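This report goes through selected residues, the nonpolar cores and one pocket of the structure shown below.

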Amino acid sequence: MASLTEQIKDSRSFILSTHTQPDGDGIGSQLALYWALKKIGKNVRIINVDDISKKYDFLDPHRVIETISKLKTPITRTDIGLIFDTNDQELLLELWPLLQKNCGKISFIDHHPLLERRPLQANEHLIDVEASSTGQIVFNLIKTLQIPLDAQIALPIYSSIVFDTNYFRYIRGSPTPHLIVAELLRHNIEPQKVHRHLFGNHSPNKLKFLSRILGLVEYELDGRLALVRVQRQDMDELGLENDETRDVIDMIMNVESIEAAVLFRDEGKDTFKLSFRSKGLITVSHLAENLGGGGHQFASGVLMKGTFEEVKGKVLAAFQKLFGELEKKVAST
């Protein structure tokens, strides 16, 4: 924190980015720091790989977020690139080499565990795996920089924290997220409006989608593992964005007998974005990393290639092994 803070103070120009298919934590984090740095006279741009989902538009009314395919001006020499909510450069796709070429330094600001198979390639990084969200880290960074909070900074931090903790369901046993939000709420945040944008924005087509997909859930390993596939044709038919499939797996995890779940989402021909969830008896982050992805202990993901049956077979075998190891551990105690 101290090193990064000094670098920020000594630098003039910044590019802020986050992983592909950005979510509420990454978007909130970069917007909060964007307005904080602008407040102290820095030259700042936000450049992402993908467009943000419509539900996040309320966080960026001034449309300061650019994408690599719709740059307002070409990327030029910049002092520091700051990348939020990931420590995996591969999740920046074609933007990563451009940042390497144009940024004097690159720092990752994140709360995910470091990947063993892809060591971090950056000058400095700020990783806090105990933080509930990247927004929590950004809050601490802004406070360390001694930049006063205001409504423009507080709203995206608040949104980041409530998004990634699912309104404080996942706070890692710490009161810190509540204490931070108590301070943020002094800046005229309207929690009910944030909730509506982030979690209460289902369209009639989204409900049709949910009724269709939830009826396709498969149960394996004596009902302890749930699997469901989201096909691209269903999303296209109903006019849904990728982000609108995120909560499907969380709904499945409410089934009492389930200990883990996997969502397979079509990303193209023989390409699938997988999301893993666990209630805590098994760790899915190592499983995801072994398959080429990563994430949190109990919420991870990976992009896999192959036919659906091939990918499903690999994933099911990996979970069978995990549950087998769990049974042996229980038996030994």
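## Lysine 42 and its surroundings

The side chain of lysine 42 comes to 3.0 Å from the backbone oxygen of lysine 9. A polar atom of that side chain also lies 2.6 Å from the backbone oxygen of serine 11. These values, like the others in this report, come from a predicted model. Lysine 42 sits in the loop between H2 and strand E2 (43-48). Its relative accessible area is 12%, so lysine 42 is classed as buried, the limit being under 20%. Leaving out residues up to four places away in sequence, lysine 42 touches Ile8, Lys9, Ser11, Arg12, Phe14 and Leu37. Threonine 134 is 92 residues from lysine 42 in sequence, and the two C-alpha atoms are 21 Å apart in space.

## Nonpolar cores

In soluble globular proteins, nonpolar side chains tend to be buried together. In this model the largest nonpolar core contains 49 residues. Those with the most contacts inside this core are Leu16, Leu33, Leu82, Ile109, Ile142, Ile153 and Leu184. The element that gives the most to the core is helix H2 (residues 24-39), which supplies eight residues. Another core, of 23 residues, lies apart from it and includes Leu221, Phe272, Ile282 and Val311.

Which residues does isoleucine 142 touch, not counting residues up to four places away in sequence? They are Ala32, Leu33, Ala36, Ile147, Leu149, Ile153 and Ile157. Leu33 and Ile153 are also listed among the residues with the most contacts inside the largest core.

## Second largest pocket

The second largest pocket holds about 280 Å³ of space. It is lined by 16 residues, and the closest to its centre are Phe58, Leu59, Ala151, Leu155 and Asn188. Two elements, helix H5 (151-164) and helix H7 (191-198), each give two or more residues to this lining. The largest share comes from H5, with four residues. Sorted by class, the lining has nine nonpolar, five polar and two charged residues.

## Accessibility of selected residues

The table lists residues found in loops or in a strand, with the class assigned to each.

| Residue | Place | Relative accessibility | Class |
|---|---|---|---|
| Serine 107 | strand E5 (residues 103-110) | 0% | buried |
| Aspartate 243 | loop between helix H9 (232-238) and helix H10 (246-252) | 10% | buried |
| Phenylalanine 168 | loop between H5 and helix H6 (176-184) | 19% | buried |
| Aspartate 270 | loop between strand E9 (260-268) and E10 | 32% | partly exposed |
| Leucine 281 | loop between strand E10 (271-278) and helix H11 (285-290) | 53% | exposed |

Serine 107 has a relative accessible area of 0% and is therefore buried. With neighbours within four places in sequence left aside, serine 107 is in contact with Leu4, Gln7, Gly81, Leu82, Ile83 and Glu124. Leu82 is also named among the residues with the most contacts inside the largest nonpolar core.

How does aspartate 243 meet tyrosine 56, and what polar contact distance joins their side chains? The side chains are joined by a polar contact of 3.4 Å. Outside the range of four places in sequence, aspartate 243 touches Pro22, Ser53, Lys55 and Tyr56. Aspartate 243 counts as buried because its relative accessibility of 10% is under 20%.

Two residues other than glycine have a positive phi. Phenylalanine 168 has a phi near 70°, and aspartate 270 has one of about 55°. Phenylalanine 168, at 19% relative accessibility, is counted as buried because the limit is under 20%. Aspartate 270, at 32%, is partly exposed.

Leucine 281 is on the other side of the scale: at 53% relative accessibility it counts as exposed, because that class begins over 50%. Its contacts, leaving aside neighbours within four places in sequence, are Glu259 and Leu326. The C-alpha atoms of leucine 281 and phenylalanine 323 are separated by 9.1 Å, and these residues are 42 residues apart along the chain.

Key. Residues numbered from 1 in each chain as written. Predicted model: local features only at pLDDT ≥ 70, side-chain atom pairs only at ≥ 80, totals over all residues. Heavy atoms only, no water. 1 Å grid on protein atoms, 1.4 Å probe; cavity = no way out; pocket = protein on both sides within 12 Å on 5 of 7 lines; lining within 4 Å. Points joined across faces, edges and corners; volume = space filled by probe spheres on them. Nonpolar A, V, L, I, M, F, W, Y, C, P; charged D, E, K, R; others polar. Core = buried A, V, L, I, M, F, W, Y, C linked by side-chain atoms within 4.5 Å. Buried < 20%, exposed > 50% of the residue type's maximum accessible area, 1.4 Å probe, protein only. Contact = heavy atoms within 4.5 Å. Polar contact = N/O pair within 3.5 Å; in protein donor to acceptor, adjacent residues only side chain to side chain.
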